[in-house]
Amino acid sequence: MPSSRILPEFELLMPQSVEEAVKLLKKYKAKASVMAGGTDVVVSGTQGFATEAVISLAKVPGLDYVKFSKSGGLKIGALATLQMVADSADVKKNYPALYKSAAINGTPQTRNMGTVVGNVMRASPSGDCACALLALGAKIVFQGPNGKREISIDEFFIDYKKTARKADELAVEIKLPAPKTGVVSAFNRITRTTLDLSKINAAVCLTVSGGVCKSARIAMGAVAPKTIRLIDSEDLLKGQKISDAILDAISASVGSQISPIDDVRSTAEYRREVSPVLVRRTIEEAIG
Ligand SMILES: Cc1cc2nc3c(=O)[nH]c(=O)nc-3n(C[C@H](O)[C@H](O)[C@H](O)COP(=O)(O)OP(=O)(O)OC[C@H]3O[C@@H](n4cnc5c(N)ncnc54)[C@H](O)[C@@H]3O)c2cc1C
């Protein structure tokens, strides 16, 4: 039996620019894995995932940024670590759901290595930043052989670990809209231990004016093959004064929109039982 500590052999490619990385992706396509922080790529390797080549972004300059402006919103480069995002006062103030999803992510070691873009590209149904960014309505910028394209995160997660990224595309940036008056957000998760991946997670982003919810995005992770939005719950909330009765109705609506499974972290039954509670709690936290 192969040792769980020994990586399978692969060719390590170290492009010096985004253009070079894209050229390599064009050549290798799905036979290569991009590596940002490597906290997933390396772990997958020790668990038997074999790849012909690893395209490391370690030598690609200019991707390790978290930029914010009041009019332009937030831009997170492909090499911005979870810790850089958690350390940003602008993120904490304006995008609390993203802040929390990065600040609680894994361990100090994985936060210093792992990236927010990697968290989304990994497309694990339990990804914490992925859940927060879905609620916040992120956009993903890809660089491919024919230039850049931008897609909404709503179109990105297709199925279990299946995404809209083309094999020759590099994700270079994630963008969030500029903060607007009345927009609030929150993220919560339940784990076996604080260092573990989520059993379930939830994030919301609401626009609230005079106690009335004008717009709502509610996301959940680890309750379906991919991170999902709870569209029926969003529809119940939109246009309503946020009251206990509405929150009861939203809790009751969660069950029909999720399809959790039993796995090493939890049971379907537990996930089904606590999801409505987590969604309600996250809405309450967002509206303060
Ligand atoms: C001990 C431990 C604890 C963890 N805890 C958590 C947790 O609490 N919550 C959580 O959500 N995750 C957790 N993770 C999973 C992982 O650390 C995070 O998802 C992290 O954000 C991944 O980022 P990375 O840069 O290390 O990704 P990588 O390992 O570099 O890449 C992840 C995937 O994304 C692809 N990829 C990366 N960057 C790009 C790019 N620019 N363009 C195209 N594809 C790209 C890679 O090919 C790979 O498929 C944990 C992992 C470990 C080992």
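Before you click on anything, here's how helices and strands are named: helices (H or I, at least four residues) and strands (E, at least two) are DSSP runs, numbered from the N terminus. Residues are numbered from 1 along each chain as its sequence is written. You're looking at a predicted model, in which local features need pLDDT of at least 70 and side-chain atom pairs count only at pLDDT 80 or more, while totals for chains, interfaces and linings use all residues.

**Stop 1: along helix α11**

Select Arg-281, which is found in helix α11. Is Arg-281 buried, exposed or partly exposed? To decide, count the other C-beta atoms (placed from the backbone) within 10 Å of a residue's own: 20 or more makes it buried, 12 or fewer exposed, and anything in between partly exposed. Arg-281 has 16 of them, so it's partly exposed. Now add Phe-187: it sits 94 residues from Arg-281 along the chain, yet their C-alpha atoms are separated by 9.5 Å.

Stay in helix α11 and pick Glu-284. This one is partly exposed as well, because 13 other C-beta atoms lie within 10 Å. Measure from its C-alpha to that of Ser-243 and you should get 10 Å, for a pair 41 residues apart in sequence.

Next, go to Arg-271, again in helix α11. Here the count is 24 C-beta neighbours inside 10 Å, so Arg-271 is buried. Which residues does Arg-271 touch, leaving out those up to four places away in sequence? Light up Lys-199, Ile-200, Ala-222, Val-223, Pro-260 and Ser-266. Contact here means that the C-beta atoms of two residues, placed from the backbone, lie within 7 Å. For a contrast, try Lys-67: its C-alpha is 36 Å from that of Arg-271, and the two are 204 residues apart along the chain.

**Stop 2: two helices that cross**

Show α10 (residues 244–254) together with α11 (residues 268–287). Their axes come within 8 Å and cross at roughly 140°. Axes are lines fitted to C-alpha atoms, for helices over the stretch in contact, and angles run from 0 to 180 degrees between N-to-C directions. Angles under 35 degrees count as roughly parallel, over 145 as roughly antiparallel, 65 to 115 as roughly perpendicular and the rest as oblique. α10 and α11 are therefore oblique to each other. To see who makes the contact, select Leu-247, Ile-250, Ser-251 and Val-254 on α10, then Ser-275, Pro-276, Val-279, Arg-280 and Ile-283 on α11.

**Stop 3: helix α5 and its surroundings**

Jump to α5 (residues 96–103), whose axis comes within 8 Å of that of α8, with a crossing of roughly 175°. That makes α5 and α8 roughly antiparallel to each other. In this contact, Ala-97, Leu-98, Ser-101 and Ala-102 of α5 meet a set of α8 residues including Cys-129, Leu-133 and Leu-136.

How many of the 8 residues of α5 are buried? It's 7, so α5 is largely enclosed by the rest of the structure. The buried ones are Pro-96, Ala-97, Leu-98, Tyr-99, Lys-100, Ser-101 and Ala-102. Among the elements they pack against are α3 (82–87), α4 (89–94), α7 (116–122) and β12 (198–209).

Now zoom in on Leu-98. Beyond its neighbours within four places in sequence, Leu-98 contacts Val-85, Val-91, Cys-129, Ala-132, Leu-133 and Leu-136. It also belongs to the largest nonpolar core, a group of 77 residues in which Leu-98, Leu-133 and Ala-135 touch the most other members. Helix α8 (residues 128–136) supplies the largest share of this core, 8 residues. A nonpolar core is a set of buried Ala, Val, Leu, Ile, Met, Phe, Trp, Tyr and Cys residues joined through C-beta atoms within 7 Å.

**Stop 4: three loop residues**

Start with Lys-29, in the loop between α1 (18–28) and β2 (32–35). Its phi is positive, about 45°, although Lys-29 is not a glycine. Most residues other than glycine have a negative phi. Lys-29 counts as exposed because it has 11 C-beta neighbours inside 10 Å.

Then select Ala-222, in the loop between β13 (212–221) and β14 (228–229). Ala-222 also has a positive phi, near 65°. It is buried, with 27 other C-beta atoms within 10 Å.

Finish at Gly-37, in the loop between β2 and α2 (41–46). Gly-37 is buried, with 22 other C-beta atoms within 10 Å. Setting aside residues up to four places away in sequence, Gly-37 touches Thr-81, Met-113, Gly-114, Thr-115 and Gly-118.
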